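Here's a quick briefing to read with the model open beside you. Grab a coffee, and let's walk through it topic by topic.

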Amino acid sequence: MGTPLAPPTPLAPLPGAVASPPAPEAAPSGRPTLLRRLEFIAYPAAAGAAFTLLALGVVTWLPALAAMGRALQRWRVDGDSRCFANTFAAFGGYWRALWLHGLLSTAAAVVLAANTVYLLGRSEAWTFPLLAAQVGIAAAFVIHHVALAAEAGRAPEGGVRSWSAGALSLGFGSPARGTALLGAVVSAVLLSLVVPLGPLLLGPSVPVLLALSFADPRRHTS
């Protein structure tokens, strides 16, 4: 048999030749980014679920809204993702501070709803200006209480007076902010209709989360 041929000797690189570039690294997976985006739905929804359960007491809705604001603030600032549990944990303190305010606000909402239903059932010309006024009052009512929940959640050591003053500044100090908060309430309810219980879970939490973002002092620092 013949002698087997030896493998060819690799050629040495020519002088001055440019080395081939290294193989590109694999692109990072988009999974962490997707999970991060899902957090902005899951955690507000969890806080909204806790709010919905606490608000079953009817007059408890405002302390529950403030407690939800506190849980969302802890998530935003500290990265504490226990939004559901933190809402329940914060409820007791806000109930003691806001039970009277919540009672009065509930009574005002009932009167406003009754007036609106009555005016919708009338066809006289004088009812239209009154109905428009009711709609305007309802919009201001919503903006104020969303801003109040954000202020209470941002500064739990404060009191009703400081929270109310902050809410007036936050909700009505800028027409753009007030319009954005009202738009967030309407859009959160409408866009979440495709999700089971979506308006209950995201309807209250998304506007409060936006109000917390508006109230963040870091937005106003250079």
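In what order do the elements of the protein run from the N terminus on? They go α-α-α-α-α-α-α-α, and the full tally is eight helices and zero strands. Keep in mind that this is a predicted model.

**The overall picture**

- The protein has 222 residues, and 36% of them count as buried.
- Among contacts with a separation of 6 or more, 69% are between residues 24 or more positions apart.
- The accessible surface adds up to about 13,500 Å², and carbon and sulfur atoms supply 71% of that.

**Salt bridges**

- If you search the whole structure, you'll find five salt bridges.
- One of them pairs R76 with D216, with 3.0 Å between the closest N and O atoms.
- That pair ties together distant parts of the chain: R76 sits in helix α2 (residues 61-78), while D216 is in the segment after α8 (205-215), 140 residues away.
- How do the two partners differ in exposure? R76 is partly exposed, at 26% relative accessibility, whereas D216 is buried, at 9%. D216 gets that label because its value falls under the 20% cut-off for buried.
- R122 and E124 make another salt bridge, and here the closest N and O atoms are 2.9 Å apart.
- Both of those side chains have some exposure: R122 counts as partly exposed at 30% relative accessibility, and E124 counts as partly exposed at 28%.
- E151 teams up with R154, with the closest N and O atoms 3.0 Å apart.
- E151 and R154 share helix α4 (residues 127-154), where they are three residues apart, or about one turn of the helix.
- E151 is buried, with a relative accessible area of 8%, but R154 is partly exposed at 30% relative accessibility.
- There's also a network: R74, D80 and R82 are joined by salt bridges that share partners.

**Aromatic rings**

- The structure contains six aromatic pairs.
- One of these is F84 with F88, a tilted pair with 5.2 Å from centre to centre and 50 degrees between the planes.
- Why does this pair count as tilted? It does because 50 degrees is neither under 30 (stacked) nor over 60 (edge-to-face).
- Both phenylalanines, F84 and F88, belong to helix α3 (residues 83-120), and they lie four residues apart, about one turn of the helix.
- F84 is partly exposed, with a relative accessible area of 35%, and F88 is partly exposed with a value of 35% too.
- Elsewhere on your list of rings to look at, F40, Y43 and W75 are linked into a cluster by ring pairs.

**A nonpolar patch on the surface**

- W95, W99, L100, L103 and L104 make up a nonpolar patch on the surface.
- Together, these patch residues have about 490 Å² of accessible area.
- L104 is a good one to click on: you'll find L104 in helix α3.
- Is L104 buried or exposed? L104 counts as exposed, at 55% relative accessibility, because that value is over the 50% cut-off.

**Around H145**

- H145 is located in helix α4.
- This histidine is buried, with a relative accessible area of 5%.
- Which side chain makes a polar contact of 2.8 Å with the side chain of H145? That partner is S105.
- Setting aside neighbours within four places in sequence, H145 is in contact with W61, L62, L65, H101 and S105.

**Backbone spots to check**

- V58 has a positive phi, near 65 degrees, even though V58 is a residue other than glycine.
- Look for V58 in the loop between α1 (31-54) and α2.
- L197 also isn't a glycine, and its phi is positive at about 60 degrees.
- You'll see L197 in the loop between α6 (175-191) and α7 (198-202).
- L197 is exposed, with a relative accessible area of 57%.

Terms used. Residues are numbered from 1 along each chain as its sequence is written. This is a predicted model: local features need pLDDT of at least 70, side-chain atom pairs count only at pLDDT 80 or more; totals for chains, interfaces and linings use all residues. Side-chain values use heavy atoms; hydrogens and water are left out. Helices (H or I, at least four residues) and strands (E, at least two) are DSSP runs, numbered from the N terminus. Buried means under 20% relative accessible area, exposed over 50%, partly exposed in between (1.4 Å probe, protein chains only). Contact means heavy atoms within 4.5 Å. Accessible areas come from the Shrake-Rupley method with a 1.4 Å probe; for residues, only the protein chains shown count as cover. A salt bridge is a side-chain nitrogen of Lys or Arg within 4 Å of a carboxyl oxygen of Asp or Glu. Rings of Phe, Tyr and Trp (its six-membered ring) pair if their centres lie within 6.5 Å; planes under 30 degrees apart count as stacked, over 60 as edge-to-face and the rest as tilted. Patches are made of residues with over 30% relative accessible area and no salt bridge: like charges are joined within 9 Å, nonpolar side chains (Val, Leu, Ile, Met, Phe, Trp, Tyr) within 5 Å. A polar contact is a pair of N or O atoms within 3.5 Å; within protein, one must be able to donate a hydrogen and the other to accept it, and residues adjacent in sequence count only if both atoms are side-chain atoms.
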